[in-house]
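Visitor: Please take a close look at one part of this chain, the annotated binding site, and set it in the context of the whole fold.

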Amino acid sequence: MNAEFWLEKWARNEIGFHAQHPHKGLVEHFSTICAQPGGHVFVPLCGKTLDIQWLLNKGFRVTGVELSLLAVEQLFAELGVHPVISPVSAKVVMFEGGGLKVFVADIFSVSAAMLGSVDIVYDRAALVALPQDIRVRYAKHLMAITRCATQFLICVEYDQCRLSGPPFAVMAQDIADYYAPYYEITSIEREPVERGIKGREPGYEHIWLLCPLNDRAEK
Ligand SMILES: C[S@@+](CC[C@H](N)C(=O)[O-])C[C@H]1O[C@@H](n2cnc3c(N)ncnc32)[C@H](O)[C@@H]1O
């Protein structure tokens, strides 16, 4: 999945991953687990998810990263916020307004210094959007730029042999491979996906909480 793949998806409005309501797991569990009003939530690969609006309404500060300029323009328009737009580096432009910052960039061009201190990562449809080889790199980069912040992670599980991603199946063992040396990993909820993955293949949505094992440090 290269950048072109995603930019074309947005250009053609083929955004089946975009939900019309905030994620049920976010609404049910996030405030209990992450009860830190005013805390800073990082949403990698954010698209224009309504989860951001929900987080802002709950009083969190939110920073997202998204490749597609179109997605970010739509996100701010749908929030009714006129962003201030400023270049951050040769490869990163920042949209800012209404308690929300979004870097229009490849996540691998975003640094810890750009993000500042992060309290919690909300990863829905980000890790699972990436193929296996990039996932390993993404997991390491995410830990580095958030200094191993706690993660609220939503993955999908299904038989990868029967369907190609995205979304890719990310199983419990994969999460252990990426994160177990650095986090205590707790399963919060695992539920069958209504109508199946891509409307065809039976699968589960699995919500995980990742709490850093040691003092947070760059990986
Ligand atoms: C499956 S969508 C999920 C969007 C959002 N998290 C949601 O729940 O609706 C993945 C998003 O990640 C963006 N994306 C893919 N690769 C990226 C990268 N390397 N850096 C930043 N954004 C990326 C895509 O443009 C797309 O909007």
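Guide: Of the contacts in the chain between residues at least 6 apart in sequence, 65% join residues at least 24 apart. The model is a predicted one. Its chain contains 7 helices and 9 strands. The radius of gyration is 16 Å, close to the 17 Å that the globule rule gives for 219 residues, so the chain is as compact as a globular protein of that length. The C-alpha trace spans about 45 × 45 × 30 Å along its principal axes, and 36% of the 219 residues count as buried.

Now the site itself. In the unreviewed UniProt entry, the annotation "binding site" covers Trp-10, Leu-45, Glu-66 and Arg-124. Two of these, Leu-45 and Arg-124, can be followed further.

Leu-45 lies in the loop that runs between β1 (40-43) and α3 (50-57). Leu-45 is buried because 23 other C-beta atoms lie within 10 Å, and the cut-off for burial is 20 or more. Setting aside neighbours within four places in sequence, the contacts of Leu-45 are Val-65, Glu-66, Ile-107, Ala-126 and Ala-129. One of these, Glu-66, is itself covered by the "binding site" annotation.

Arg-124 belongs to strand β6, residues 120-124. Arg-124 counts as buried because it has 26 C-beta neighbours inside 10 Å. Residues up to four places away in sequence not counted, Arg-124 touches His-23, Thr-49, Asp-51 and Ile-154.

Tyr-122 is also in strand β6. Tyr-122 counts as buried, since it has 25 C-beta neighbours inside 10 Å. Beyond its neighbours within four places in sequence, Tyr-122 is in contact with Val-41, Val-43, Asp-51 and Phe-152. Asp-51 thus appears among the contacts of Tyr-122 and among those of Arg-124. Tyr-122 and Val-104 are 18 residues apart in sequence, and their C-alpha atoms are 17 Å apart in space.

As for the ligand, 19 residues surround it, and the closest are Trp-6, Leu-45, Gly-47, Leu-67 and Ala-125. Leu-45 is therefore one of the closest residues to the ligand as well as a position in the UniProt annotation. The shell around the ligand divides into 12 nonpolar, 4 polar and 3 charged residues.

Two helices complete the picture. In helix α4 (residues 69-79), Ala-71, Val-72 and Leu-75 are buried. Seen down the axis of α4, these buried residues fall within an arc of 95°, so they line one face of the helix. The elements that cover them include α1 (3-11), α3, β2 (61-66), β4 (92-97) and β5 (100-104). Just after α4 comes Gly-80, with a positive phi of about 70°.

In helix α7 (residues 172-179), the buried residues are Ile-175, Tyr-178 and Tyr-179. They cover an arc of only 75° around the axis, which puts them on the same side of α7. On the other side of α7, Gln-173 and Ala-176 are exposed. Among the elements covering the buried residues of α7 are α6 (132-146), β7 (150-157), β8 (183-192) and β9 (204-212).

Methods:
Residues are numbered from 1 along each chain as its sequence is written. This is a predicted model: local features need pLDDT of at least 70, side-chain atom pairs count only at pLDDT 80 or more; totals for chains, interfaces and linings use all residues. UniProt positions are given in the numbering used here, feature names are shortened, and annotations may be inferred rather than shown by experiment. Helices (H or I, at least four residues) and strands (E, at least two) are DSSP runs, numbered from the N terminus. A residue is buried if 20 or more other C-beta atoms lie within 10 Å of its own, exposed if 12 or fewer, and partly exposed in between; C-beta atoms are placed from the backbone. Two residues are in contact if their C-beta atoms, placed from the backbone, lie within 7 Å. A residue is near a molecule or strand if its C-beta atom, placed from the backbone, lies within 6 Å of it. Ala, Val, Leu, Ile, Met, Phe, Trp, Tyr, Cys and Pro count as nonpolar, Asp, Glu, Lys and Arg as charged, and the others, Gly among them, as polar. The arc is that of the directions from the helix axis to the C-beta atoms. The radius of gyration is taken over C-alpha atoms; the globule rule is 2.2 Å times the number of residues to the power 0.38.
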